[in-house]
Amino acid sequence: MKFFLDTANLKEIQEAVELGVLDGVTTNPSLMAKEGIRGLDNIMAHYQQICELVDGDVSAEVIGTSYEEIVREGEALAELHPNIVVKVPMIREGVKAIRHFADKGIKTNCTLIFSAGQALLAAKAGATYVSPFVGRLDDIGHDGLQLIQQIVDIFSNYGYPTQVLAASVRHVPHLIQCAELGADVVTCPLNVITGLLNHPLTDKGLAAFLADHKRVNG
Ligand code: G3P
C-alpha cells in the first residue's frame, strides 16, 4: 500500500520524507490556499518545490472546468516535472480530458469520486488513480469505506489498472480499514501517518526495558 500525504505544506512533506515512508503527495486548491500560495507563477513554483522533495507522484489539480481549459492546464502541469499527476474533477469534461491525457501518456487522478459508477467511468477513460472521498461520505451519514470496498471489487473483477486512492482519510482506523479492503493508496494528513506509531503498551514496555537496564547498569 502506498502512503501519500494530503497537503501542500513543505515542512510536513519534509517530515514525512525523513520518516522514510512517503510515496507521494496529493494537493487540491483548498490545500494550496491554506498555505497562502496565490498567482499562477507561485502555484507552479510551489508544485515544483513539492516535486523536488518527494520521490513519487504529486497530484496537482486543474482549476478549469471546460475540456479545453482542463487539457491546457493539465499539459502545462505535466511539463513542470515528471512526478506530476494531473488531478481532474469527476465531471463530463473531466472524463473527456482524462481520455486525452491517457492517450498522451500523462498520468491522472480523478478526484471528487463519491460513487462506484463515477469510479468505473474514470477507469474506463484511463485514469491512473481514482480518489473516492471516505470522510466526506461519512460526514453526510453514508459509509465511505463501503465505497472503497465496491471500487476495489469492481476494478479487481475486470483487471482495471486504475489504482484506488482512498482520499479524505481522517484517522488511523480509516487508514487501517482501507488497507484491509485493498486500497492501493491512502492519502491523509501527516498526523494520521504518525498516529500509526502509537500504542500505550509500546510506551509502557519501552519504559520498563529502559528502567531495568538502568537498575542493573546504573
Ligand atoms: O484531497 C482531497 C481529500 O483528501 C480532502 O479531505 O478531509 O478535506 O475531506 P477532507
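# Salt bridges, cysteines and a barrel

Q: Is Lys-87 buried or exposed?
A: Lys-87 is buried, at 4% relative accessible area. Buried is under 20%, exposed is over 50% and partly exposed is in between, with a 1.4 Å probe and protein chains only.

Q: What sort of model is this?
A: A predicted model, in which local features need pLDDT of at least 70, side-chain atom pairs count only at pLDDT 80 or more, and totals for chains, interfaces and linings use all residues. Residues are numbered from 1 along each chain as its sequence is written, and side-chain values use heavy atoms, leaving out hydrogens and water.

Q: Back to Lys-87. Which side chain does it meet in a salt bridge?
A: That of Glu-61, with 3.9 Å from N to O. A salt bridge here is a side-chain nitrogen of Lys or Arg within 4 Å of a carboxyl oxygen of Asp or Glu. Lys-87 is in strand E4 (residues 84-89) and Glu-61 is in strand E3, so the contact ties together parts 26 residues apart in sequence. Helices (H or I, at least four residues) and strands (E, at least two) are DSSP runs numbered from the N terminus.

Q: And Glu-61, buried or exposed?
A: Buried, at 12% relative accessibility.

Q: How many salt bridges in the whole structure?
A: Seven. One of them joins Asp-57 to Lys-107, where the closest N and O atoms are 3.1 Å apart. Asp-57 sits in strand E3 (residues 57-61), while Lys-107 sits in the loop between helix H5 (92-103) and strand E5 (108-113), so to speak 50 residues away. Asp-57 counts as buried at 11% relative accessibility, and Lys-107 as partly exposed at 37%.

Q: What does Lys-104 form a salt bridge with?
A: With Glu-75; the closest N and O atoms are 3.1 Å apart. This is another link between distant parts of the chain, with Lys-104 in the loop between H5 and E5 and Glu-75 in helix H4 (residues 67-80), 29 residues apart. Glu-75 counts as partly exposed, with 23% relative accessibility.

Q: Changing topic. How many disulfides?
A: Zero in the whole structure. The cut-off is a pair of cysteine sulfur atoms within 2.5 Å.

Q: Why no bond for Cys-51?
A: Because the closest cysteine sulfur, in Cys-188, is 19 Å from the sulfur of Cys-51, too far for a bond. Cys-51 is buried, at 2% relative accessibility.

Q: How far away is the nearest cysteine sulfur to Cys-110?
A: It is 17 Å away, in Cys-178, and Cys-110 is in no disulfide. Cys-110 is buried as well, with 0% relative accessibility.

Q: What is the bridge partner of Cys-110 in E6?
A: Val-130. E5 and E6 run parallel and are joined by three bridges; two strands pair if DSSP finds at least two bridges between them. E5, helix H6 (residues 116-125) and E6 form a right-handed β-α-β unit. Right-handed means that, with the strands pointing away from the viewer, the path from the first strand over the helix to the second runs clockwise.

Q: Which way do the side chains of E6 point?
A: In strand E6 (residues 129-132), Tyr-129 and Ser-131 point one way and Val-130 and Pro-132 the other, and all are buried. E6 also pairs in the parallel sense with strand E7 (residues 163-166), over two bridges. Gln-163 is the E7 bridge partner of Tyr-129.

Q: How many strands close into the barrel?
A: Eight, in the order E1-E2-E3-E4-E5-E6-E7-E8, with parallel pairing. On average, neighbouring strands of this sheet are turned by 30 degrees against each other, direction ignored. Axes are lines fitted to C-alpha atoms, for helices over the stretch in contact, and angles run from 0 to 180 degrees between N-to-C directions.

Q: And how many bridges between E1 and E8?
A: Strand E1 (residues 2-6) and strand E8 (residues 185-188) pair in the parallel sense over four bridges. Among them, Phe-4 has Thr-187 as its bridge partner in E8.

Q: Last topic, backbone. What is phi of Leu-112?
A: Near 65 degrees, a positive value in a residue other than glycine. Most residues other than glycine have a negative phi. Leu-112 is in strand E5 and counts as partly exposed at 34% relative accessibility.

Q: And phi of Ser-168?
A: Near 55 degrees, again positive in a residue other than glycine. Ser-168 is in the loop between E7 and helix H9 (172-181), and counts as buried at 11% relative accessibility.
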